[in-house]
Amino acid sequence: MTFSFIHLADIHLGRPFSDLPELGEKKELCNQACTRSFNKITDLAISKKVDFVLIAGDSFDSEEHDLSSKLLFRENLKRLADNGIKSYIICGNHDSIEVYKKNESYFRFDSKYDGLINITGVNTPENIEAYKPIDGVNIYSASFKSDESENQLKYLPKIDDKNSKDFNIGLLHCDLDKTESKYAPTSREDLRNLGYDYYALGHIHIPEVKESGAVKIVYAGSPQGRTKKETGAHGCYYAEINGKTVEKLEFIPTDFVRFSTMDIDCSDCENKLDVFEEITNSTSNINEDAELSLLEINLSGVTNAYKDLTESENLIEEYRQNFGDIGKTAVYRINNDTVPCVNESEFAEDNGIIGIIHRGVEKGEINLGEIYDNISEIHEAIYKKLGLDSESKDFLTASLKVDKEEITESAKKEIKSLCSEIYSIDKV
Amino acid sequence: MTKFKISETKIDNFNETNNQLYTFDEGINIICGDNEAGKSTLMDFVKNIFIRKSSSAKGYVKCEYEGESFNLIAGETKKLKENEKYIERITAHDFQTGFVINIDDLMFAKKANAEELLNTIKDSSGNAVNQKQEEYAALIYDAKKQKFSLTNSNGLSTNFKRQFDNLRKMDEDIKKLQLKEESYNSVCQSITLLEEDLRLAAEKLEYAEILFQKNNALKEKENININKKVLEYKSEFDKLREEFGALNSLKRNEEAVTQKIETNKKNFDENFKKLNRLEDIKIEDFDGLNLENEDLKTGRKLIEEEKNLIFEQNNLQSKTDELAEQIDNLNNCISSSDERRNKLNIYDINEYKSDKDMLISCYTRFSDLKNRMSGENFNPKQKKWFEDMFIMLFVILGLGMLGSVFRFWHSSVKYVFISMLLVSIVGINTVIMQKLSAKKQSNQFSSDEELVQCEKTAIKLAKKYGYDIQPGVNFIVTANTVIEKMKSNIAEYENIDSELLRIRMDLERAKTKLAENEKLSDEITEKLEDLAKEKSKYLERIHLSSTENLEEIFELTKDLKFTLKTISESETDLQNLEKNIESFTDNLNKFIENTGLNDFQKYSKYDYPKFDEVLSKIDEIVCGNIANEQALSDIDLKIQKYDEQASVYPHYEFEKMEEETLNELKNIVKSKTEEKARLSQQKDDLEKVSGLYDLRNAKNVELNRIRLAISKLIQKEIIYNVIGIAKDKFNETQPNFVSAKEYFSKITGGKYSEIDFETKTISGDGIGDKDWDNLSRGTKEQLYLALRLGYAGNYSKDLKGNPNGKPDLPIIIDDAFVNFDKERTSAILKCLSEFSKTNQVLYFTCHTDSVKEILKNEKIKHNYIEL
């Protein structure tokens with residue numbers, strides 16, 4: 001018995017790109033990337049004439065309505081079905097059964113699609129379901145009822161004499177190798193004990209074959225990365241099976257926009273312009289096979305350009321306005337981790353305020369973290385008063401926590417630079 | 001030991017003071033005296049030395065510092081310069097500004113602003129504390145602080161206000177769009193519900209329409225009346241109509257029929273006469289004259305046969321005549337040919353031929369001999385022939401060579417060439433053979449004798465047949481002529497023979513043919529005779545005398561028969577008409593009676609003219625009943641159909657089934673249909689709605705921008721805070737600041753314990769910050785004094801509080817506390833007493849009593865000097 005399938009997950013339709021500045025013309029590319037990626041996978045399934053498609057949860061980003069996303073999802077499922085390809089979809093923490101039920105009008109399909117489009121828990125009564133797409137193949141699936149879930153393996157059947165000769169697939173949305181997680185924490189041992197041949201997992205956005213032995217445990221990752229944490233190629237997995245053997249398991253990239261990082265040493269740069277030119281020269285050599293490479297630049301090194309860089313109100317916007325993009329690359333973020341050229345020993349022994357500042361910051365007598373916390377408190381209170389929506393408020397409040405270390409480190413560097421500058425002036 | 005004390009002062013020649021000696025303690029020295037007692041003189045004298053003011057004064061100030069005792073001499077510049085070695089570290093400026101406090105200073109303090117007050121507290125170098133550094137730090141960060149602050153005195157900074165407003169607007173737009181998209185779900189659900197309502201409403205309407213139509217049909221049915229008897233007797237009525245139609249036709253045609261009868265009779269007479277002209281038939285025999293079509297066919301056949309036979313016979317006859325003529329001609333030809341042949345004088349052709357050959361032989365031999373004798377091997381003819389063959393052979397060979405060169409050896413050309421070649425070769429060979437033969441012949445005759453012999457023979461032979469051959473030189477010519485003649489005769493003879501043969505053969509054939517014709521003619525004659533007999537029988541049968549005019553007779557007879565029939569029928573019709581009218585009338589009355597049509601009377605035959613109208617009326621009634629019957633049937637069918645249609649619907653109850661009810665239901669269906677269309681359009685529009693993703697993206701971008709800006713802001717604030725903290729720390733450790741605070745606390749009796757040099761405020765237990773600018777005069781003066789003491793008391797220390805090589809100078813106070821009340825004065829004196837532990841105090845005052853009292857009450861240890 002030979003057959004093939006495509007395994008994808010975490011499409012997160014409706015989720016916009018995070019951490020992006022104004023990208024001008026390339027904005028549309030980003031806007032369309034997720035849709036195109038999903039369409040590309042559907043086209044792939046049809047061209048390869050696979051027997052079925054597995055979608056391991058989080059097809060939508062949230063229950064907030066994004067009509068075009070839901071229509072797109074529906075149309076692609078119908079397209080697969082019209083080409084005789086069955087689809088098996090489970091619900092994840094972002095698109096739980098609750099979410100689907102609230103949007104049931106989108107997922108009411110004509111009766112001719114019965115058996116072709118299968119959404120566990122939505123067009124089946126239970127959130128745990130077993131399917132038999134073709135003879136000799138079983139799919140055991142588990143959907144999230146709400147945005148959190150316990151380990152669901154206990155609800156899935158173990159392999160016994162009846163189905164041991166079949167090729168058994170587990171379709172799950174879970175957190176692998178985590179004991180404490182709100183999202184179905186699962187261990188590899190549990191999966192192996194269940195005895196299936198292939199575990200089509202979702203939830204983690206980076207594609208990876210976790211186990212490649214007799215039992216395959218695979219995270220498909222998201223078809224299109226959308227934050228700086230989701231670097232590298234994204235896509236889906238294509239598998240060819242013969243009997244009980246996975247003869248081919250191939251990762252196929254389907255992303256159009258790809259995040260990556262680049263470190264640039266600014267030691268030889270005298271000013272911001274030098275740094276920008278260095279960035280431009282470095283990024284022109286990038287060769288990715290995505291239509292657009294989004295680059296996060298990490299500037300490092302002891303450099304005279306430090307002050308210039310830190311005085312910039314918005315470094316990335318300045319860079320983009322003056323230098324723009326080159327070819328398929330777009331710089332979307334510049335992190336200034338450079339260090340000023342200061343001789344700390346000069347003012348380390350200063351008797352005045354500079355000395356106090358330097359010693360206080362270096363030895364921790366002046367606690368930047370505490371200062372940051374105090375400022376954050378004030379800011380949080382202001383955010384609350386501003387009448388912002390909860391998403392913006394949460395984002396900014398969370399940012400205060402996330403950015404603490406970065407900001408305090410930057411402040412520390414800038415203080416040193418300032419001390420050096422003032423000390424020099426004072427001496428003059 | 002840094003305390004610099006004045007132990008003794010001698011004033012001479014200064015301000016009308018001469019040779020006055022004063023001694024001082026190292027602590028607080030209270031120099032009291034009324035006005036003009038010399039306080040200012042003493043004070044100025046000491047001050048002038050320290051500030052290096054040159055004067056005419058004499059005297060000295062005896063000082064003790066670092067275990068050394070020395071005099072600072074008053075007087076001119078030179079002398080003051082000598083003091084330098086003792087007071088080089090004490091600048092005049094420092095002393096003046098740091099160690100002399102008078103009422104003017106307090107007046108200044110009263111009016112000074114916070115900055116000016118701050119400037120009074122200098123570090124040991126005489127500079128305002130941290131002036132440079134603070135200045136720079138403040139310059140850099142104060143300005144930036146204003147710029148990057150999340151809030152300002154008016155609330156949220158303009159920059160951030162704008163950004164957050166933008167964010168709020170984006171969020172509102174997103175919410176609007178979400179609402180739109182949210183409504184898609186509800187629209188779909190509404191459509192589903194509405195479709196069901198619409199279906200039910202449409203169903204009810206359809207049911208109502210069926211009922212309505214059924215009701216209408218029932219009403220219609222009630223209005224239909226049928227006379228069943230009329231329908232029952234309909235077929236009778238149809239017959240009546242037919243009958244009447246026929247009667248009417250007859251009636252209408254009565255006159256025409258009569259006329260027709262007359263006309264037919266006339267025609268009959270005429271045609272009969274015609275017939276009689278052709279055949280003598282009596283009218284009484286006419287009936288027996290039955291000419292059928294078959295008779296006509298037979299007659300035609302007989303006539304045709306006769307005609308054909310006669311024609312055939314005539315043909316034969318003409319052919320026979322031709323043959324006879326031909327035979328005559330042939331006989332004539334034979335005679336003529338015989339005659340010609342006879343003229344040739346050839347009685348025996350074989351003999352003639354033999355003689356001719358002999359003659360030729362003689363001639364030939366003669367020629368050969370002659371030629372041989374003349375040296376010619378060939379006769380001219382042979383010679384020409386041979387030449388021709390040779391030329392031909394030459395040409396053929398030439399063509400063959402060309403063919404080889406140009407390769408047109410087509411197979412047919414090849415064969416032709418080979419054939420021609422062979423012919424040439426044969427021709428030449430023949431000539432050669434003839435030559436050889438002639439040569440052989442010449443051996444049989446001797447020369448002259450042979451010649452003569454040939455001549456004789458030839459002449460003899462010619463003469464036999466009446467020809468003349470001349471011997472000698474003309475022999476050949478004449479012989480040749482005779483030979484040609486003889487040949488010609490032979491040919492003629494043979495032609496005539498052939499001709500005769502042919503003629504005889506023709507003659508034979510003609511005779512044979514003639515015999516045949518005659519035989520045929522006899523046969524035809526026989527047939528004609530048979531035919532005549534048959535014809536006779538035929539005529540007898542059909543009662544005619546001859547077949548002449550048969551066609552015409554037949555036609556006439558047929559017409560006459562038909563005319564007779566027509567007349568008979570017409571006459572019968574006329575006769576029957578009366579009867580039929582009577583019969584019809586009876587039937588009509590019977591019909592009326594049976595059907596109960598009481599509107600009609602009983603009719604007689606004389607009412608015939610009315611019958612058309614009557615029948616029309618009855619017809620109307622019948623048709624009407626038929627139509628009604630059909631209508632009833634149709635209605636019943638309709639009602640049945642409505643019942644069937646209604647049976648598939650649920651049973652709806654209606655109060656009344658009228659058009660109004662239908663209209664109401666139609667309106668309901670219409671409004672629901674419109675509503676469905678509207679919702680469907682809304683659904684389609686919503687499906688086209690997009691932009692939520694873009695908005696979210698834009699909002700993300702904006703949020704990140706704000707995040708970045710806030711990061712920058714916080715960074716600046718941290719730096720500012722750090723500098724502030726550092727400044728505070730610095731302030732906390734500045735010895736003069738520390739001392740100033742202590743002194744202030746003492747001076748104010750503990751009321752104010754804190755001086756904030758950053759914010760330029762003072763505070764105390766239970767007392768909030770008070771700006772220096774907003775202090776009362778007295779408090780300001782106290783503050784000022786504290787700052788002065790703070791500075792003066794730390795003149796000998798660096799920023800870390802370590803000795804800087806400078807002395808703790810004595811402080812001269814020139815009745816500065818005149819405006820102080822007792823309490824304040826007491827406090828300041830206590831403070832000065834404390835101060836005097838490190839710095840000698842020379843307090844000049846004219847308020848002797850109050851000061852004395854305070855000193856006593858407070859038990860302040862002092863050195864009292866009364867002037």
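Helices (H or I, at least four residues) and strands (E, at least two) are taken here as DSSP runs, numbered from the N terminus. The structure is a predicted model, in which local features need pLDDT of at least 70 and side-chain atom pairs count only at pLDDT 80 or more, whereas totals for chains, interfaces and linings use all residues. Residues are numbered from 1 along each chain as its sequence is written, and chains are lettered from A in the order in which they are written.

Helix α10 of chain A, spanning residues 368-386, has 19 residues and reaches 26 Å from its first C-alpha to its last, close to the 27 Å expected at 1.5 Å a residue, the expected span being 1.5 Å times one less than the number of residues. Its buried residues (those with 20 or more other C-beta atoms within 10 Å of their own, C-beta atoms being placed from the backbone) are A:Leu368, A:Ile371, A:Tyr372, A:Ile375, A:His379 and A:Tyr383. These residues cover an arc of only 110° around the axis, which puts them on the same side of α10(A); the arc is that of the directions from the helix axis to the C-beta atoms. On the other side of α10(A), the exposed residues (12 or fewer such neighbours) are A:Glu370, A:Glu377, A:Ala381, A:Lys384 and A:Lys385. Just after this helix, A:Gly387 takes a positive phi of about 75°.

Chain A also contains an open sheet of 3 strands in the order β15-β16-β18, with parallel pairing, where two strands pair if DSSP finds at least two bridges between them. Strands β15 (257-265) and β18 (329-336) of chain A stand at the edges with a single partner strand each, so one side of each is left without a neighbour in the sheet. Strand β16 of chain A (residues 292-300) pairs with β18(A) in the parallel sense over 7 bridges, and A:Glu296 stands opposite A:Arg333 in β18(A). Helix α1 (residues 26-48) of chain A lies across β15, β16 and β18 of chain A, running at about 130° to β15(A); angles run from 0 to 180 degrees between N-to-C directions, with axes fitted to C-alpha atoms, for helices over the stretch in contact.

The contact between the chains takes 53 residues from chain B and 53 residues from chain A, two residues being in contact if their C-beta atoms, placed from the backbone, lie within 7 Å. On the side of chain B that touches chain A, α20(B) gives the most, with 28 residues.
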